[in-house]
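User: Could you take me through this structure and show how each label is earned?

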Amino acid sequence: MEAGHGSVGRTVAAWLVASAAVLSSCAGLPGGTEGDLSRAAAQSASATASAELAMELVAEHRTTRAHAVTVLSDALDEVLAAYSAVAAVEVATGKEAAHRAALLDRIDAAATVLGEARARTDAVATAPSAADVTGRLADLTGYLSAFAEGSR
């Protein structure tokens, strides 16, 4: 049993380091529209990374349903807050509008996948597998992290 707890601890520690890196990169983000978009992307990336970890733990039977539901609910709250922030960003150029639209699309996808993750934890028969949800969350986390760092 100790080995399982140790690997959970290592997984959590790795996630915390990754989240700190994403969040610390926000301090150097530009201002204005692009900075607002980058901060929302970083917020969403942190949320999807948390949900990804929760789903990995679910798939490996190393967490409780209650814990996973709490993490997924918190992640969804963060993603929805980021979506609202991005939707409210005023754009002045076509380039900014395209960046905002792309980010809204990915944040919307994140909200959808988080809903599917929640369905998986609730044992909904038609929900995708935990592995499928985890993979999609990983893809979204990668995209959102890159966006936050300036890749458009």
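**How the labels are earned**

Analyst: Gladly. This is a predicted model, and a good place to begin is helix α4, whose buried residues pack against α2, α3 (65-88) and α5 (130-148).

User: Which residues of α4 are the buried ones?

Analyst: They are Glu 96, His 99, Leu 103, Leu 104, Ile 107, Ala 110, Ala 111, Val 113, Leu 114, Ala 117, Ala 119 and Thr 121.

User: How do you know that the length of α4 agrees with its number of residues?

Analyst: Helix α4 covers residues 94-121, which is 28 residues. At 1.5 Å a residue these should span 40 Å, and the end C-alpha atoms lie 41 Å apart, so the two agree. Helix α2 gives a similar check: it has 28 residues and reaches 41 Å from its first C-alpha to its last, close to the expected 40 Å.

User: What makes α2 count as largely enclosed by the rest of the structure?

Analyst: A residue is buried when its relative accessible area is under 20%. In α2, 21 of the 28 residues are buried, so the helix is largely enclosed.

User: Why is Thr 33 called buried?

Analyst: Its relative accessibility is 12%, and the cut-off for buried is under 20%, so Thr 33 counts as buried. Thr 33 belongs to helix α2, residues 32-59. Beyond its neighbours within four places in sequence, Thr 33 touches Val 89, Glu 90, Val 91 and Glu 96.

User: Why are α2 and α4 called roughly parallel?

Analyst: Their axes are 11 Å apart and the packing angle is about 20 degrees. Angles under 35 degrees count as roughly parallel, and therefore α2 and α4 get that description. Their crossing is left-handed.

User: Which residues of α2 and α4 meet there?

Analyst: From α2 come Thr 33, Glu 34, Leu 37, Ala 40, Ala 41, Ser 44, Thr 48, Ala 51, Met 55 and Val 58. From α4 come Glu 96, His 99, Arg 100, Leu 103, Ile 107, Ala 110, Leu 114, Ala 117, Arg 120 and Thr 121. By class, this contact has eleven nonpolar, five polar and four charged residues.

User: What makes α4 roughly antiparallel to α5?

Analyst: The axes of α4 and α5 come within 10 Å and cross at roughly 155 degrees. Angles over 145 degrees count as roughly antiparallel, so α4 is roughly antiparallel to α5. This crossing is left-handed as well.

User: Which residues of α5 make the contact with α4, and how many of each class take part?

Analyst: On the α5 side they are Ala 130, Val 133, Arg 136, Leu 137, Leu 140, Tyr 143, Leu 144 and Phe 147. Those of α4 include His 99, Ala 102, Arg 106, Ala 109, Val 113 and Glu 116. The contact has 15 nonpolar, one polar and four charged residues.

User: Why is Glu 116 called partly exposed?

Analyst: Its relative accessible area is 22%. Partly exposed lies between the cut-offs of 20% and 50%, so Glu 116 takes that label. Glu 116 sits in α4 and, apart from neighbours within four places in sequence, contacts Ala 127, Pro 128, Val 133 and Arg 136. The C-alpha atoms of Glu 116 and Val 133 are separated by 7.2 Å, although the two are 17 residues apart along the chain.

User: How do you know that Thr 134 is buried?

Analyst: Thr 134 has a relative accessible area of 11%; buried means under 20%, so the label holds. This residue of α5 is in contact with Glu 52, Met 55 and Glu 56, leaving aside neighbours within four places in sequence. Between Thr 134 and Leu 114 there are 9.8 Å from C-alpha to C-alpha, and the pair is 20 residues apart in sequence.

User: What makes His 61 and Ala 123 exposed?

Analyst: Exposed means over 50% relative accessible area. His 61 counts as exposed at 73%, and Ala 123 counts as exposed at 60%.

User: Where do these two lie, and what is the phi of each?

Analyst: His 61 lies in the loop between α2 and α3, and its phi is positive, about 55 degrees, although His 61 is not a glycine. Ala 123 lies in the loop between α4 and α5, with a positive phi near 60 degrees, again in a residue other than glycine.

Conventions: Residues are numbered from 1 along each chain as its sequence is written. This is a predicted model: local features need pLDDT of at least 70, side-chain atom pairs count only at pLDDT 80 or more; totals for chains, interfaces and linings use all residues. Side-chain values use heavy atoms; hydrogens and water are left out. Helices (H or I, at least four residues) and strands (E, at least two) are DSSP runs, numbered from the N terminus. Buried means under 20% relative accessible area, exposed over 50%, partly exposed in between (1.4 Å probe, protein chains only). Contact means heavy atoms within 4.5 Å. The expected span of a helix is 1.5 Å times one less than its number of residues. Axes are lines fitted to C-alpha atoms, for helices over the stretch in contact, and angles run from 0 to 180 degrees between N-to-C directions. Angles under 35 degrees count as roughly parallel, over 145 as roughly antiparallel, 65 to 115 as roughly perpendicular and the rest as oblique. A crossing is left-handed if the near helix is turned anticlockwise from the far one by less than a right angle, and right-handed if clockwise. Ala, Val, Leu, Ile, Met, Phe, Trp, Tyr, Cys and Pro count as nonpolar, Asp, Glu, Lys and Arg as charged, and the others, Gly among them, as polar.
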